[in-house]
Amino acid sequence: MNNRMEKACFNILVSSGNIAREKLEEVYNEAENSKFSFTELIVQKGVLKEPELLKIYSKNLGIPYLSLKVLTVEQAVIDKIPVKFAWYYKFFPIQLTERKLTIALSRLLDVNALDEIRLGLGLDIDFVFAASFDIEEMLKKYYGLGATTVEKILSEDTQPRSAGKMDRADEGVEDIEKLAETASVGQLVNQIILDAFQKRASDIHIEPLRGDVRIRYRIDGELQEAKVPPEMKKFYLPILSRIKIMANLNIVERRLPQDGKARVKTRDQSLDLRISTMPTPHGESMAIRILPHKTVFNLNELGFGKEQVKIFEDLIYRPNGIIFVTGPTGSGKSTTLYAAMNTLNTIKKKIITIEDPVEYEIEGITQIQVQSEVGLTFSRGLRSVLRHDPDVMMVGEVRDLETADIAIRSALTGHLILSTLHTNDAATGVTRLLDIGVEPYLVASSVIAFIAQRLVRVICSNCKEVDKEVTPDIKHMIRKELKLGPVADVKVYRGKGCEECNRTGYSGRVAIYEVLLMNEVIRKLIFMGSSAEEIKRRARQLGMKTLRQDGWKKALDGITTPAEILKVAPNDDEVLELSEKLVLPEEQGVETVIPDPETQAASSDNRKFERVQIKFHITYRTIGAEAGKETEFIKQELTAQTENISAGGMAFITNHGLKEGDVLDLKLDLKDGEKPVQCLGKVLRVTQLIEGEGDGEHFVFRIAITFLAISSSERLRIENFCKNETRNENI
């Protein structure tokens with residue numbers, strides 16, 4: 001403790017009158033027997049915040065106080081000042097004019113310390129006050145992360161080559177372990193992890209380049225490079241070895257990928273680390289996923305609107321059924337499921353999860369880690385879970401028919417299942433299940449909702465402003481897709497960019513959602529094997545808000561920007577045209593009833609379109625069978641004769657047997673002087689008949705079909721054709 005400097009600081013604070021003398025004397029006496037200075041204890045004990053303290057010093061001594069965040073320092077100044085000087089004396093160089101260097105300090109330095117800096121640098125010194133955190137961040141920004149630690153290791157090691165080169169493959173195990181376990185390398189690793197956590201990074205990427213090393217953080221979904229000193233490449237192998245030891249990985253195995261996990265502790269937070277290595281031509285690449293241990297999962301904080309929260313809560317409090325959350329990797333699906341389980345987590349409910357891996361540990365929930373190497377897969381684990389009397393089960397992902405089948409049958413027998421699918425939107429979740437082989441009637445009977453989501457960055461609240469440069473095209477798009485009207489005022493926002501958000505304009509992320517609820521209309525479409533586009537079109541007509549629409553709403557609310565929405569949300573109009581009215585099977589002349597899982601029954605015959613009895617020849621070929629099942633493409637064209645036709649479907653007689661669910665490529669020559677109508681049809685009913693007598697008896701088949709992929713103009717042609725035929729009969 002420098003008694004003279006400490007006494008000077010004490011007198012300045014006493015004379016300022018901001019704090020009672022008794023309190024200052026108490027801290028001063030404690031500092032005499034502490035490793036911390038009087039100024040440091042004032043801040044640590046919360047007597048004054050550091051900026052307030054430094055401003056008092058500034059006012060009394062006439063020395064300026066600066067916020068370093070707004071400064072840009074020339075690289076020539078940084079190159080002139082060695083990093084070891086800056087870190088040792090805890091200052092940051094700001095400006096160099098001729099022989100005078102201006103530095104930023106967070107404390108008062110005595111004359112001896114200032115003389116040491118003058119002598120060491122050969123420059124006159126002038127100084128200003130700045131917060132210690134700002135000084136530390138500027139040192140990282142301009143000198144590189146861990147620069148002082150690297151400098152210390154190099155200064156203590158007369159042969160830095162022992163740290164290892166990235167292109168060497170013959171280091172001994174003992175040498176690597178000895179170096180990796182030294183305090184210096186361990187400190188360097190800790191600095192990397194802590195810096196990433198403080199910057200809100202979700203991942204750390206440590207990557208070898210040709211003769212260099214790169215460290216990047218994924219912050220709010222975007223990769224940002226962390227500046228590191230050039231000497232960092234000499235410590236690449238020891239850094240990887242240190243992290244491998246933390247994760248119980250094999251430090252000499254560099255030819256195969258490895259996965260592990262570790263737990264570290266910061267000041268007040270435990271972090272779970274998921275570590276993965278991958279061999280590359282220039283060395284091993286390492287990715288570290290950072291999972292805070294105290295993450296709070298709350299539905300209201302995820303991005304759900306008030307109506308969506310109510311809908312989601314109604315869904316998760318149902319006694320049975322499946323809820324699928326869909327989206328690509330990294331879209332926040334698991335976080336949504338954890339929030340749902342956290343809401344349901346009460347003493348009255350038994351909740352079991354099967355995950356790969358278990359990302360967050362939630363007290364009160366039984367969580368199972370998939371271990372394929374010993375045969376514990378999703379499907380096998382799910383079978384065992386059913387014998388543990390669960391109320392709610394979470395399956396990390398439905399990847400195959402076996403898992404899907406067990407999950408669906410569990411939902412049908414009184415369990416609530418939460419799971420995820422990798423699809424682009426909610427409606428595509430249906431076709432994904434059908435593609436892996438799940439029967440349409442099981443999907444329609446068990447699933448209660450598909451929820452699609454994406455993550456978008458949130459505008460930084462510190463530099464948020466109205467975006468006056470938004471283009472008219474964006475405004476028109478928002479008005480059109482939200483149906484606001486051509487004169488509606490569209491005001492969106494952006495982040496200008498500040499130090500708080502690292503000049504990105506964003507801080508944090510929030511989800512946008514698309515909730516497809518199962519109702520009778522959607523269930524009928526699923527049973528009919530309708531395409532995802534048809535399902536989405538009808539769901540929108542019934543009021544479903546798409547990802548894009550939810551995103552535009554958040555942009556108007558000032559939560560995110562239009563650029564973020566355009567980046568992650570698909571254009572709805574590219575998928576479907578709402579101007580074309582979707583015709584349901586019952587509107588096409590056939591009523592479809594979803595069968596009970598035990599008795600897959602079929603439908604009746606309520607008709608809306610006008611049907612006429614008429615015979616003419618058609619050609620067709622089979623291109624598919626029951627939805628979700630692959631069949632061979634039958635290239636041979638067959639002929640048949642119609643019995644009746646309407647704009648919704650028709651019946652015809654053929655000598656070739658077909659099955660219910662077959663999809664046909666049809667050509668209908670209406671003899672109206674135009675090209676034949678080409679469309680797809682799906683077989684609804686097959687009736688076997690006997691024609692002829694005696695030796696001439698033979699079987700024929702009456703086929704009832706509904707038109708599937710048919711344009712509005714072609715459907716109108718058929719409708720007019722039927723009307724003309726009816727008119728001719730009446731004449």
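A contact is defined here as a pair of heavy atoms within 4.5 Å. Of the contacts in the protein with a separation of 6 or more, 65% are made by residues 24 or more positions apart. The structure is a predicted model, in which local features need pLDDT of at least 70 and side-chain atom pairs count only at pLDDT 80 or more, while totals for chains, interfaces and linings use all residues. Residues are numbered from 1 along each chain as its sequence is written, and side-chain values use heavy atoms, with hydrogens and water left out.

The protein contains 25 helices and 25 strands; helices (H or I, at least four residues) and strands (E, at least two) are DSSP runs, numbered from the N terminus. Of its 731 residues, 49% are buried, where buried denotes under 20% relative accessible area, exposed over 50%, and partly exposed the range in between (1.4 Å probe, protein chains only). The exposed surface of the protein amounts to about 36,700 Å², of which carbon and sulfur atoms supply 48%; accessible areas were obtained by the Shrake-Rupley method with a 1.4 Å probe, and for residues only the protein chains shown count as cover.

Two open sheets are described in turn. Strands are taken to pair if DSSP finds at least two bridges between them. One open sheet comprises six strands in the order β6-β5-β4-β9-β8-β7, with antiparallel pairing. Strands β6 (222-226) and β7 (258-265) each have a single partner strand and therefore stand at the edges, one side of each being left without a neighbour in the sheet. On average, neighbouring strands of this sheet are turned by 25° against each other, direction ignored. Axes are lines fitted to C-alpha atoms, for helices over the stretch in contact, and angles run from 0 to 180 degrees between N-to-C directions. Within the sheet, β7 and strand β8 (residues 270-280) run antiparallel and are joined by eight bridges; G260 has I275 in β8 as its bridge partner. Helix α12 (residues 236-246) packs on this sheet, where it touches β4, β5 (212-219), β7, β8 and β9 (283-292), and the direction of α12 makes about 45° with that of β9.

The other open sheet consists of seven strands in the order β12-β11-β13-β14-β10-β15-β18, and its pairing is mixed. Its edge strands, β12 (366-369) and β18 (506-517), each pair on one side only. Here the average turn between neighbouring strands is 20°, direction ignored. Strand β10 (residues 321-326) pairs with strand β14 (residues 416-421) in the parallel sense over six bridges, and I322 has I417 in β14 as its bridge partner.

Side chains of opposite charge can pair when their charged atoms come close. A salt bridge is counted where a side-chain nitrogen of Lys or Arg lies within 4 Å of a carboxyl oxygen of Asp or Glu, and this rule gives 37 salt bridges. In one of them, the side chains of K199 and E137 meet with an N to O distance of 3.7 Å. This pair links distant parts of the chain, 62 residues apart: K199 belongs to the loop between α11 (183-198) and β4 (201-209), whereas E137 belongs to helix α8 (residues 132-143). K199 has a relative accessibility of 28% and so counts as partly exposed; E137, at 21%, also counts as partly exposed.

Helix α8 also contains F133, which counts as partly exposed because its relative accessibility is 48%. The C-alpha atoms of F133 and E50 are separated by 9.5 Å, although these residues are 83 residues apart along the chain.

A further salt bridge joins the side chains of R263 and D272 (2.7 Å, N to O). R263 is partly exposed, with a relative accessible area of 46%, whereas D272 is buried, with a relative accessible area of 14%. The side chains of R399 and E397 likewise meet in a salt bridge, at 3.1 Å from N to O. R399 counts as partly exposed at 39% relative accessibility, while E397 is buried, with a relative accessible area of 18%. Salt bridges that share partners also join E136, E137, K140, D195 and K199 into one network.

Residues 386-400 are covered by the annotation "domain: Bacterial type II secretion system protein E", according to an unreviewed UniProt entry. UniProt positions are given in the numbering used here, feature names are shortened, and annotations may be inferred rather than shown by experiment. Over residues 386-400 the chain is 0% helix and 27% strand, and its end C-alpha atoms are 19 Å apart.
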